[in-house]
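Visitor: I've got a model up on the screen and a few things I'd like to ask about it. Can you walk me through it?

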Amino acid sequence: MSWHVLGAGSLGCLWAARLQQAGQTVSLIMRPPRLARFQAADGRLLFTNLQEHTRSVPVHAETASSQQPIQRLILACKAYSATEAIAGIRHRLLPGTEVILLQNGIGSQQQVSRTLPDCRVLVASTTEGAWLKDDFHCVHAGAGQTQFGSLNHKASPPDWLHRLKDYAIPCQWQPDIHGVLWRKLATNCLINPLTVIYNCRNGALVQYLPRIRQLADELEQLLQAAGQHKAAEDLYGHVRQVIDSTAANTSSMLQDVQQQRRTEISYITGFALHQARALEAPHQQLLALHQELQQCLVRLHLPAD
Ligand code: NAP
């Protein structure tokens, strides 16, 4: 089976390395400067798995500009790059090409889907964690699961899904992927911005529980207004659990800030705020959080969107 993975970042390298090790035909798509560096590194990824074994994995790599048609594409860039990345590879996508979106937050999936009416677009939400120790050295740091679904409720699971399990890639088909995305969005809204504002690891957020409670109440009302009743259930209790179980972790948004990289704020608090306004749900706390986060980013000379 043939897979193209666009984006040689943390998740892109994780997917490319695992699929390649499972004997799949994989091509990793990267921009020309990164491709030159990859070729200079012998066209190999270093992959450290959950058992902390590191292997060197040869992977075919190319730029988006090749003309070869794509059967199945995993889009592994940040949410703010997704539409532009798809535009750059559009000429290689045929009617029926599968496009799998790994982006965090909500909004980019809909933006991309609208530009690909003839493709089979699947959305994924993952609790796996990966980071790059170095260019092309991917560390699989957190076990988790990837849930796949379609924005179109009538879609059925792809036939390759059960095979991912054979390749030791934990995954599941999720008929209600919207609910999964909203629950994760609300959780991210409650953890990521506060870790940046207070410059702390997830566990230190226990000092700010009254603020988290107020925000959770507001976000629950937003989820209800959006018709996401299941995703709204005991949001505060869920976030308390996530804070405890990830106490030692640095949130993805704080990691981006620490590395002076643009954050995905527009697809997290930005999206939630936009929806709250559209649905006329209360959003005083959320607005204050979003603005405080933006001020923080500006102070750090990072984009506020
Ligand atoms: P990342 O490490 O920043 O990687 C993104 C990669 O996409 C970069 O290498 C970037 O290349 C590449 N890219 C962007 N536009 C491109 C284009 N037009 N052509 C070719 N390459 C392009 O990000 P990540 O951590 O893998 O995250 C990807 C998404 O998964 C995010 O939405 C993130 O929130 C989500 N996610 C990540 C994790 C995780 O553990 N890492 C977990 C859950 C969810 P350049 O550097 O050359 O721009």
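Visitor: How much area do domain 1 and domain 2 bury between them?
Guide: Keep in mind that this is a predicted model. The chain is divided into domain 1 (2-175) and domain 2 (179-299), and their C-alpha centres lie 26 Å apart. Of the area they bury between them, 59% is on carbon and sulfur atoms. The total comes to about 1500 Å².

Visitor: Which three residues supply 50% of the area that domain 1 buries against domain 2?
Guide: In terms of contacts, 16 residues of domain 1 touch 15 residues of domain 2. Half of domain 1's buried area, though, comes from one trio, and it gives more than any other three residues. Those are Tyr80, Asn104 and Ile106.

Visitor: Which side chains meet in a salt bridge, and at what N to O distance?
Guide: Between the two domains there are seven residue pairs in polar contact, counting pairs with both at pLDDT 80 or more. The salt bridge count between domain 1 and domain 2 is one. Lys78 falls in domain 1 and Asp256 in domain 2, going by the domain bounds. The side chains that meet are those of Asp256 and Lys78, at 3.3 Å.

Visitor: Which element gives the most to the side of domain 1 that touches domain 2?
Guide: Two elements give two or more residues to that side: helix 4 (108-115) and strand 8 (120-126). With four residues, the top contributor is strand 8.

Visitor: Over to helix 9: why do its buried residues line one face?
Guide: The buried ones in helix 9 (residues 235-245) are Leu235, Tyr236, Val239 and Ile243. Seen down the helix axis, they fall within a limited arc, so they line one face. An α-helix has 3.6 residues a turn, so residues three or four places apart point the same way. For helix 9 the arc is 95°.

Visitor: Which residues are exposed on the other side of helix 9, and what covers the buried ones?
Guide: On the other side, the exposed residues are Gln241 and Ser245. The cover over the buried residues of helix 9 includes helix 6 (177-197), helix 7 (209-225) and helix 8 (229-232).

Visitor: Is Gln228 buried or exposed?
Guide: Gln228 sits in the loop between helix 7 and helix 8. Leaving aside neighbours within four places in sequence, Gln228 contacts His178, Gly179, Trp182 and Leu223. Its relative accessible area is 13%, and the cut-off for buried is under 20%, so Gln228 counts as buried.

Conventions:
Residues are numbered from 1 along each chain as its sequence is written. This is a predicted model: local features need pLDDT of at least 70, side-chain atom pairs count only at pLDDT 80 or more; totals for chains, interfaces and linings use all residues. Side-chain values use heavy atoms; hydrogens and water are left out. Buried means under 20% relative accessible area, exposed over 50%, partly exposed in between (1.4 Å probe, protein chains only). The arc is that of the directions from the helix axis to the C-beta atoms. Contact means heavy atoms within 4.5 Å. Domain bounds come from an automatic or database domain assignment. Buried area is the accessible area (1.4 Å probe) that two parts lose on being put together, summed over both. A salt bridge is a side-chain nitrogen of Lys or Arg within 4 Å of a carboxyl oxygen of Asp or Glu. A polar contact is a pair of N or O atoms within 3.5 Å; within protein, one must be able to donate a hydrogen and the other to accept it, and residues adjacent in sequence count only if both atoms are side-chain atoms.
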